[in-house]
Amino acid sequence: MKIFSKVCSILSTLIIIAFAVIAGLLIIPMLFGCKNMAVLSGSMEPGIAVGSVVFVKETDAESIKPGDVITYRLSGDTMVTHRVVSVDSENKELITKGDANEVEDGSPVAFSAVVGREVFHVPLLGYLTIYIRTPIGIMAVCGVLIVLIVLNFLPGVLQPEEEKKEEKKEK
């Protein structure tokens, strides 16, 4: 029974560590002024794969240069992350292109539409951030939390009465 108790303890510790790592990856960059964006299309592959999370930091559009990866507002809540091909300082516009695309984007990006410059990205984390916002994702997180609770209480519930009495005597 002690082995079962140790297995439950190890599993619950691993789940807690996984939650802490994911939370850290999403929250710590925000403390340094970064925003995170999930990548939904393959226009920046292979450098930034679908399902990645791109962390961008607000930057002065005047300081952006060709080769920088930026995120900009296309319309409404739609954001695009592409590489800057050229800068038109006179018209305050940027020409962008996805790394996987053959041609430059159809419209130049106004300096005012720039959300920020990429600081770094984390592959696959975007799938989790997208999935967790769905009803099924919320249920999955709740399920994992229930498993965590069960792993903590199950060894005590299944422990034979004789072992409980022995433990009380030892204390």
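Is Lys 92 buried, partly exposed or exposed? I would like to start there, keeping in mind that what we are looking at is a predicted model. Lys 92 turns out to be partly exposed, its relative accessible area being 43%, and this residue sits in the loop that runs between strand E4 (78-88) and strand E5 (93-97). What draws attention to Lys 92 is its backbone, since phi is positive there, about 55 degrees, although the residue is not a glycine.

Leu 124 also has a positive phi without being a glycine, in this case near 70 degrees. The loop that holds Leu 124 lies between strand E7 (114-122) and helix H2 (125-131), and with a relative accessibility of 59% Leu 124 counts as exposed.

Staying with the backbone, let me turn to the peptide bond from Glu 45 to Pro 46, which is cis, with omega near 5 degrees. Pro 46 is placed in the loop between strand E1 (34-38) and strand E2 (53-57).

Finally, the side chains. Searching the whole structure for aromatic pairs gives 1, and that pair is made by Phe 55 and Phe 120, stacked with 4.5 Å from centre to centre and 20 degrees between the planes. Because Phe 55 belongs to strand E2 and Phe 120 to strand E7, the pair ties together parts that are 65 residues apart in sequence. As for the surroundings of the two rings, Phe 55 counts as buried, at 0% relative accessibility, whereas Phe 120 is partly exposed, with a relative accessible area of 31%.

Definitions and conventions
Residues numbered from 1 in each chain as written. Predicted model: local features only at pLDDT ≥ 70, side-chain atom pairs only at ≥ 80, totals over all residues. Heavy atoms only, no water. Helix = DSSP H or I, 4+ residues; strand = E, 2+ residues; numbered from the N terminus. Buried < 20%, exposed > 50% of the residue type's maximum accessible area, 1.4 Å probe, protein only. Phe/Tyr/Trp six-rings, centres within 6.5 Å; stacked < 30°, edge-to-face > 60°.
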